[in-house]
Structures are given as C-alpha cells and as structure tokens.
Amino acid sequence: MTNTPKDADKPRLPAKLRELALKSRAFLAGSYKRRPIVTSLSAAVVVSLLFIALFGGGSDEDAFNYHEVTRSDFLVSIVEGGSLQAVKEVTVRNEVDGTSRIIYIIPEGTYVKKGDLIVQLDTAEAEKDLNEQLLRYEDDKADVIKSKTDVTITRSEVESDIRSAELAVKFAEMDLQKFEQIEKEQEMRNAQIEVFTAEESLKLAEEKLDWSEKLTEEGFETKGNLDRDKLAVTKQSLSLEKAKSVKKMLSDYDLAKLEAEYRSKLEEAKEELERVKTQGNSKILQNQANYEKAERKLNLSEAKLKKMQEQMESTNIKAPQDGLIVYAKPRSRYSRESIIEEGAEIRQRQSIVTIPDTSSMKVVVKVHESHVNQLKIGQTAFIVLDSMPDSRFRGRVTKIAILPDQQSSFGNSNLKVYDTEIVIEDKLPDVKPGVSAKAEIVITNLQDVITVPIQCVTTIKGQQVCFVKGIGGPKPVEVEIGLFNNKYIEIVSGLEEGDRVLLSPPMDGSIDLGGAIIQKDEEVDLEANETAAPVENPRPVNRERPSNAPRPERKPSGPRQDT
C-alpha cells in the first residue's frame, strides 16, 4: 500500500500513539458488540486524547524547537565592546631632525601641569650643528655687507664714468660747432690775406724793378741793384703762387678733413658714452645680483639657524597642557619604532607621549559592516565600564568612520568593522583612558511589533521565510523583515501573533548556504556570452571523469628510448 499525496498531508502519529490507536480500535470493535453505549463514550475519550496529543498544548520538545510569535515593543540596538579614550588629547612628538636619544622622560601615569619638563633629548649633536651653523651665518652676513658695498661703489664709479663720457661728447660738439661757425671761416680768411699780401708785395717789387730799370738806363743805378730787384719780383711771384695754392688746398681738402675729424670725434664720444652706460649698468646689475644672492643665502642660513635653535629648544620638551602622561605605543607589533624609555632612539615626528584631557571621555567601538548603515550621528548610547559594571552612563554617537579599520583586517581580510566614537555625556568618576567598556547604541524603539529570534529567518530562493508549525509539520512561510539587532528581527508581514515558528530551520536542498546570487531554478539570459569574443589560449578545463568510466591503461615504464 502506497501513500497518496493526500495521505501525506495528513498528520502522522508517533509510533507509540499509532500502536495505542490500533489496540484501542481492536478493543473497541469487540466491546461495541457487547456494550455499545459505554464503548461509544470510551471511543470519544480516546479520540479526544489523541487530538490533544497531536494539536494540544505541546510537549517539552516543542518548547525547545519552536518559538511562539508575540507582539511587543522592540528595542533595536547595537552592542559592541571598546575602550575608553579622551575626547581631546595632545600627542607630543620628536621635532628634532634625524634620530635623537631620550636621556630623561617623566614616569608614565604622572599628572603634570602645563610647562613641566616631561622629556629631555640628547643635545650633544644638536649643539655641534648649531655652532657650525652660527659660523656659517656670520660668514653669510659679512658677504651681504660686502656685496652691498660693492653695489654702492660700482654705482658711483659708473656715474663718474658716465659724466666723463657725457663731458667728452659735449667738448666734441663744441669743437665741431667752433669749426663750423668760426675756425673754418677764419682759416679761409687767413689764406685770402696771404694771397692779398703776396699780390701787394709782388706789385711793390715790380714797381721798384721798373724804377731800377729806368735809373739803370739813365745811369743812376747799378746793375747789382737791378738784379736784386728782379730777384725780389721773382720771390714775390712765387709767394703769391704759394698763397694761392695753400688757399686752394685749404678750401678743397683741409677744411673738409678737419670737419670730418671733428664729426668723427663727436660720434666716437657719443658711442663711448653709450658703452660706458651699458657697461656700467651691467656692472651694477651683476653686483646687485651678487648682493641679492648673498641676501637669499643669508636668509636661508638665518632660517636654518632659527630652526636649529628651535630644535635645540625642542630637546627640552615641556607639557603643553595639564593631564596624565601616557607613553606612545608602536602602531603595530611589526613596527620598527622603539619602545619609549630612557636611552631609546626615536626618529623625527615619532610620537613620544600623549596627554589626554580626562575631563571629557569617549568610547571607541568597532561596528560590523552589517550594522554600520543603521548608525547615525547623534544617536543615543549607553555605556557600561568593565571596572564599574553596576553604573550606566549616557552617551551620543559623534563620529562614524568612512572606511573600515585597516588594523582589524590584518588577521582576517574579510572582517570589515568601522570605528565609531561615542562621547559620554554623563559625568564620569576618576577613570583612566584605556579602560574596557561596552556600549549599546540605540537605533530605535519600535512599538507593538512582531519579532522572532533572528535564527528563525532563513532564505529560500531569494525570499526570507520562517517555518511555521502546521498540520503535517512546519511549513515555510514568506515573511517581510524589518530592523534587527543581535538577537531578534522584526517581521513586518507574513506571521501572526500566536504562530509557532521553528527555531532551527531544516537543512534541505532548497536552502542556499553557499551564498550564491543566482538561484538554482532561476533562468539567466546568456545571450551576451554567446556574442562575446573567444578567449585566446584558454586554460585547460579539468573535466571530471565519470565514476563508472574505465581508467586508461597505464603502460609499464620501460627504458627511455632516445630519438
């Protein structure tokens, strides 16, 4: 006899109850013939007991396997552990270049006042560098003074040279002007006077010679005097010819030559003036550049000297504010930074101590990525310190990290948590930073809603379901979920108050525990894959060999034959 689908839907009796029902049915069949009324009443009692056994108040096993759906207020919150930190804290770092050695550090945990000496670094190397830099600064300062003086002297020399050149130009212009206006005419006049004088002298010599010839014919003059008079005429004639020649050379060549010389000297004087100006400006600019270069060098030297003096002062580190001294810890166990202690070498910008302001404290917790979207700035939170488990303090969310914490992912790359800061608003007793604490961030408080334990909800074919107890066993019922916390989840629709849901959903093939995005029976459009370009040199595919397929024969290994 086979069970029909209709029979399968009927509730199945436990084995003991089925045996009891069969025995009862046999007994009632025999007894009904003898006492029908009593037998009918007994049968009714048996059926009632069976009904109560099946659908009655439930057994202890049901209480462990099912959860009865109720309606109540639901506090949605996130509970995470963290540590107590100061809202404001000052980190003191090493400001000295290179590496420095700590020769004194105040003990950790000491309360200090602003201005107290907390760290002292070795100053031997810094003092040596400071003295050398001070000497370089003095040399650079002397170079600036010399360069400035050179600029002044050069400017004075250039101005003097320019004045001399301008005077030479002026003299050349005057010489030319004098020649053109006076000297040229005077030279021509002198030449003309020489010609006139020679002509008059020649006339006198000729008249004297006429008289001498007449007196010689009369016998009153000697022949010697006559010859002298003739010679005098000849000399005057030659003098006249010379004067005319000089005048002609002066007119045609000498005066033009003189004029060209004067003009040439004037041009040379002007060109010399330009050269003096250009050379002078070049010298001034060069000296000015040297002066500016020396000034920049001095400024750099002064800045370096000032920085070294500041670094010298930085070797004595004083507390910037009142507070508790906490030594800086390496950022990770793989860090190469030295442990803060006397004698340790620290690099520049390495954190030495932190001074937290304990008047305002906060708790830093790491919230898992599944809850981080529920967080908002300003949400209320309640904090309990591990050292004070009986006291609760109110706080408020003030900061949510944008990116997950990198340190937390070193051990587990799939773990994504976000640093969340909660500032404690209630007044705290005297507690120190670093104390462990637990914070519960209140997301919302839902009024009169249906909730179930979070493990009651599972996913079948992309749909959230709960297994509800019914006739024939638990049945999957689609539900719409809402907010949730670490234990319960809101059921917006799909369940009614009084329903009994299975606490542990059955593990069958319909439940996807592998996290696949595409469901088993879902149709997927693969048209794009068919039109995609083929992959060059595809990797060989490991094809599974059917279990019943014969194994290939393995040839016995023999001696290798060389080809």
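Glu 272 and Arg 275 sit three residues apart in helix 6, so about one helical turn separates them. In this predicted model, their side chains join in a salt bridge with an N to O distance of 2.7 Å. Both partners keep some contact with the surroundings: Glu 272 counts as partly exposed at 36% relative accessibility, and Arg 275 is likewise partly exposed at 40%.

Helix 6 also takes part in a pairing with another helix. Lys 184 forms a salt bridge with Glu 259, and their closest N and O atoms are 3.9 Å apart. This pair links distant parts of the chain, with Lys 184 in helix 5 (residues 124-218) and Glu 259 in helix 6 (residues 223-314), 75 residues apart. Lys 184 has a relative accessibility of 33% and is therefore classed as partly exposed. The two residues do not stand alone, as a network of salt bridges connects Glu 180, Lys 184, Glu 259 and Arg 263.

Turning to the strands, a salt bridge brings together the side chains of Arg 71 and Asp 448, at 4.0 Å from N to O. Because Arg 71 belongs to strand 2 (residues 70-93) and Asp 448 to strand 14 (residues 436-453), the pair ties together parts that are 377 residues apart in sequence. Arg 71 is partly exposed, with 36% relative accessibility, and Asp 448 is partly exposed as well, at 45%.

Taken over the model, the count comes to 20 salt bridges, among them the Glu 272 and Arg 275 pair within helix 6.

How values were computed
Residues are numbered from 1 along each chain as its sequence is written. This is a predicted model: local features need pLDDT of at least 70, side-chain atom pairs count only at pLDDT 80 or more; totals for chains, interfaces and linings use all residues. Side-chain values use heavy atoms; hydrogens and water are left out. Helices (H or I, at least four residues) and strands (E, at least two) are DSSP runs, numbered from the N terminus. Buried means under 20% relative accessible area, exposed over 50%, partly exposed in between (1.4 Å probe, protein chains only).
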